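Q: Please take a close look at the buried interior of this chain and the strands around it. I would like to know which residues make it up and how they are placed against one another.

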Amino acid sequence: MALSVWPAPEDAGVVGPTGPAGPQGPKGDTGATGPVGATGPTGLTGRSAYKAAVANGFSGTEAQWLASLVGPEGKAGPQGPPGPPGATQASDAWLPSDLGLRSWAFDPAVGASAGVYPSSGSVRITSVVLHSTQTVSKIVWHFLGYAGGLLAGSNAAIFDGAGTRLAQVGDMAGESKVPGVHNAGGATVAAPLTASVTLSPGIYYIAWWFRYDTTAMDGPMMLVAESSAGAPPGRFGLTNTVRYGVISSAPGLPTALNAGSFTDGPNRFWAALA
């Protein structure tokens with residue numbers, strides 16, 4: 001049997017029909033990274049901001065141009081709220097508030113323990129200082145003895161640094177304003193004002209005019225600072241601030257005070273506000 005060849009030699013120029021596409025083959029391996037291309041040419045240098053300003057009409061040096069960039073100082077902003085008050089005394093120091101008071105002439109524990117009479121018919125003045133706004137309703141003293149002997153017209157008041165009367169107790173005859181004090185060592189007494197008063201920070205005068213029978217010594221014995229000197233000063237500091245004073249033989253409690261009329265008294269009476 002003779003061998004047959006396909007395509008037959010005589011059919012070599014004939015192209016058969018295209019067969020169907022075969023299935024996609026698997027993904028080939030990633031080829032190696034090609035070499036880095038050559039660096040391109042350097043671009044042109046841009047104009048500085050100063051040169052741009054000159055090109056737009058600025059005339060001056062570069063330093064002057066830099067200075068022109070600083071604007072005028074702005075207005076001050078509103079003041080912020082006050083911070084908490086700082087400590088003004090040692091933590092172991094007694095403050096008036098520790099004893100229920102708004103202000104005092106001095107720590108009463110360092111006053112002389114002996115009582116002193118304020119003199120009938122004399123105006124006694126003791127100053128106190130407030131470092132914050134306070135509402136005050138009472139004038140306070142420490143009586144080492146009192147039998148209710150104040151006579152009609154006896155009164156006490158608070159004055160500001162200019163001598164203007166701001167509040168008063170009113171008639172203190174008998175025991176209408178303060179009770180009698182008969183115990184050893186005495187007691188702190190508080191005379192109510194006729195109306196409370198709100199006081200801003202500053203120095204204030206507490207003044208009182210007590211009238212009583214000096215023969216029977218019916219007036220109150222009052223706590224004083226150490227006063228063994230014959231006439232201790234009532235003015236202190238470089239401001240010559242009056243802290244203690246007296247107006248002798250006054251007809252009554254004045255409606256206004258003149259610090260120039262105060263004289264140094266032999267006693268420095270303790271007084272406070274509450």
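A: The description below starts with the whole chain and then goes to the core, its aromatic rings and some of the strands and polar residues.

The model is predicted. The chain holds two helices and 13 strands. Of its 274 residues, 34% are buried. When contacts between residues at least 6 apart in sequence are taken together, 78% of them join residues at least 24 apart. As a general background, nonpolar side chains in soluble globular proteins tend to be buried together.

The largest nonpolar core has 31 residues, and the members that touch the most others are Ile-139, Trp-141, Phe-143, Trp-208 and Phe-210. Six strands each supply at least two residues of this core: β3, β4 (134–145), β5 (155–159), β7 (187–199), β8 and β9 (221–224). The biggest share comes from β7, which gives five residues. 

Ile-139 can serve as a way into the contacts. With its neighbours within four places in sequence left aside, Ile-139 is in contact with Ala-156, Ala-157 and Ile-158, with Val-169, with Val-189, Ala-190, Ala-191 and Leu-193, with Ile-206, and with Ala-272 and Leu-273. A separate core of 13 residues lies apart from the largest one; among its members are Ala-157, Trp-209, Val-242 and Leu-257. Ala-157 therefore appears both in the contact list of Ile-139 and in the core of 13 residues, where membership asks for side-chain atoms within 4.5 Å.

The aromatic rings come next. The model has eight aromatic pairs. In one of these, the ring centres of Trp-141 and Trp-208 are 5.6 Å apart and the planes stand at 75 degrees, so the pair is edge-to-face. Trp-141 belongs to strand β4 and Trp-208 to strand β8, so this pair ties together parts of the chain that are 67 residues apart in sequence. Trp-141 and Trp-208 are both buried. Trp-208 also forms an aromatic pair with Phe-210, with 6.4 Å between the centres and 45 degrees between the planes, and that pair is tilted. Trp-208 has 0% relative accessibility, so it counts as buried. Phe-210 likewise counts as buried because its relative accessibility is 0%. Ring pairs link a cluster that consists of Trp-141, Phe-143, Tyr-146, Trp-208, Phe-210 and Phe-269. A ring with a charged partner is that of Phe-236: Arg-243 lies over its face, at 6.0 Å from the ring centre.

Strand β3 shows how one contributor to the core is set among other strands. It covers residues 123–130, and seven of its eight residues are buried. With strand β8 (residues 202–209), β3 pairs in the antiparallel sense over eight bridges. Val-129 stands opposite Ile-203 of β8 in this pairing. β3 is also joined by four bridges to strand β12 (residues 244–247), and these two strands run antiparallel. Here Ile-125 stands opposite Gly-245, while Thr-126 has Tyr-244 as its bridge partner in β12. Strand β12 is covered on both faces, with Tyr-244 and Val-246 buried on one side and Gly-245 and Ile-247 buried on the other.

Two polar residues are also buried. Ser-154 is found in the loop between β4 and β5. Its relative accessibility is 0%, so Ser-154 counts as buried. The side chain of Ser-154 reaches the backbone nitrogen of Arg-211 at 3.0 Å. Apart from residues up to four places away in sequence, Ser-154 touches Gly-170, Asp-171 and Met-172, together with Trp-209, Phe-210 and Arg-211. Phe-210, which Ser-154 touches, is also a member of the largest core and of the ring cluster.

The second polar residue is Gln-134, located in strand β4. Gln-134 has a relative accessible area of 19% and is buried, because the cut-off is under 20%. Its side chain is joined to that of Ser-132 by a polar contact of 3.0 Å. With residues up to four places away in sequence left out, Gln-134 touches Arg-102, Val-197, Thr-198 and Leu-199.

To sum up, Trp-208 is among the residues that touch the most other members of the largest core, is paired edge-to-face with Trp-141 and tilted with Phe-210, and lies in β8, the strand that pairs with β3 over eight bridges.

How values were computed:
Residues numbered from 1 in each chain as written. Predicted model: local features only at pLDDT ≥ 70, side-chain atom pairs only at ≥ 80, totals over all residues. Heavy atoms only, no water. Buried < 20%, exposed > 50% of the residue type's maximum accessible area, 1.4 Å probe, protein only. Pairing = 2+ DSSP bridges. Contact = heavy atoms within 4.5 Å. Phe/Tyr/Trp six-rings, centres within 6.5 Å; stacked < 30°, edge-to-face > 60°. Lys NZ or Arg CZ within 6 Å of the ring centre and 35° of its normal. Polar contact = N/O pair within 3.5 Å; in protein donor to acceptor, adjacent residues only side chain to side chain.
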